[in-house]
Amino acid sequence: MKVNIKPVCPEIMGSFSSGSYEVENSATVYEALTFALKQCGDDKILFDNVSSLVFFLNGKRVNSDAPINEGDSIMALRPAYGG
């Protein structure tokens, strides 16, 4: 199935670019990002930094284990810091 992925944290995701990616059916947000990063050859990025990312699925904040469906949009960004 295809999903749209938009990373909004180049300092964590490197050169991984936004786009439509083919992922396995019944994947989670984390698995979809992993599949997409493997297609780009950058899967080590996510494994090292997943605990620091914030995920949005179709505009709603979710955990990395949230299930996805065909055509969903995933956004990955770093949490806000400061005070």
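Where in the chain is Thr28 found? Thr28 sits in the loop between E2 and H2, and the rest of this briefing works outward to the sheet, the core and a couple of other loops. Keep in mind that this is a predicted model. The chain has 83 residues, and buried ones make up 36% of them. Its secondary structure adds up to 3 helices and 5 strands.

**Overall layout**

- Going along the sequence, you meet the elements in the pattern β-α-β-α-α-β-β-β.
- Take the contacts between residues at least 6 apart in sequence: 51% of them link residues at least 24 apart.
- The accessible surface of the chain is about 4,800 Å², and carbon and sulfur atoms account for 50% of that.

**The sheet**

- The 5 strands make an open sheet, ordered E2-E1-E5-E3-E4, with mixed pairing.
- Strand E2 (19-22) and E4 are at the edges with a single partner strand each, so one side of each has no neighbour in the sheet.
- From one strand to the next, the twist averages 35 degrees.
- As a general point, strands of a sheet pair through backbone hydrogen bonds, and they can do so parallel or antiparallel.
- E3 and E5 run antiparallel and are joined by 4 bridges.
- Two of the residue pairings to look for there are Val54 with Leu77 and Phe55 with Ala76.
- E3 also runs antiparallel to strand E4 (residues 60-62), with 3 bridges between them.
- On that side, Leu57 of the chain stands opposite Lys60 in E4.
- Helix H2 lies across E1, E2, E3, E4 and E5, and its direction makes an angle of about 95 degrees with E2.

**The nonpolar core**

- The largest nonpolar core contains 21 residues. Val3, Ile5, Val23, Val29, Ile68 and Ile74 have the most contacts inside it.
- Strand E1 (2-7), helix H2 (29-40), strand E3 (54-57) and strand E5 (73-77) each put in at least two residues.
- H2 is the top contributor to this core, giving 6 residues.
- Which residues does Ile68 touch, not counting those up to four places away in sequence? They are Met1, Val3, Val23, Ala27, Thr28, Val29, Ala32, Leu57 and Ile74.

**The loop between E2 and H2**

- Thr28 counts as buried because its relative accessible area is 17%, which is under the 20% cut-off.
- Leaving out neighbours within four places in sequence, Thr28 is in contact with Ser64, Asp65, Ala66, Pro67 and Ile68.
- Ser26 lies in this loop too, between E2 and H2, but Ser26 is exposed, with a relative accessible area of 66%.
- The backbone of Ser26 is worth a look: phi is positive, about 60 degrees, although Ser26 is not a glycine.

**The hairpin and Asn58**

- The hairpin of E3 and E4 has 2 residues between the strands.
- Asn58 lies in that loop between E3 and E4, and its phi is near 55 degrees, a positive value in a residue other than glycine.
- Is Asn58 buried or partly exposed? Asn58 is partly exposed, because its relative accessible area of 45% falls between the 20% and 50% cut-offs.

**Asp72, a buried acidic side chain**

- Asp72 lies in the loop between E4 and E5.
- Asp72 is classed as buried because its relative accessible area is 9%, again under the 20% cut-off.
- The side chain of Asp72 makes a polar contact with the side chain of Asn58, at 2.9 Å, which ties this residue to the hairpin loop described above.
- A polar atom of the Asp72 side chain also lies 2.7 Å from the backbone nitrogen of Asn69.
- Beyond its neighbours within four places in sequence, Asp72 is in contact with Lys2, Val3, Asn4, Leu57 and Asn58.
- Asp72 and Ile5 are 67 residues apart in sequence, while their C-alpha atoms are 8.5 Å apart in space.

Key
Residues numbered from 1 in each chain as written. Predicted model: local features only at pLDDT ≥ 70, side-chain atom pairs only at ≥ 80, totals over all residues. Heavy atoms only, no water. Core = buried A, V, L, I, M, F, W, Y, C linked by side-chain atoms within 4.5 Å. Buried < 20%, exposed > 50% of the residue type's maximum accessible area, 1.4 Å probe, protein only. Contact = heavy atoms within 4.5 Å. Pairing = 2+ DSSP bridges. Polar contact = N/O pair within 3.5 Å; in protein donor to acceptor, adjacent residues only side chain to side chain. Axes fitted to C-alpha atoms, helices over the stretch in contact; angles between N-to-C directions. Areas by Shrake-Rupley, 256 points an atom, 1.4 Å probe, with all protein chains shown as cover.
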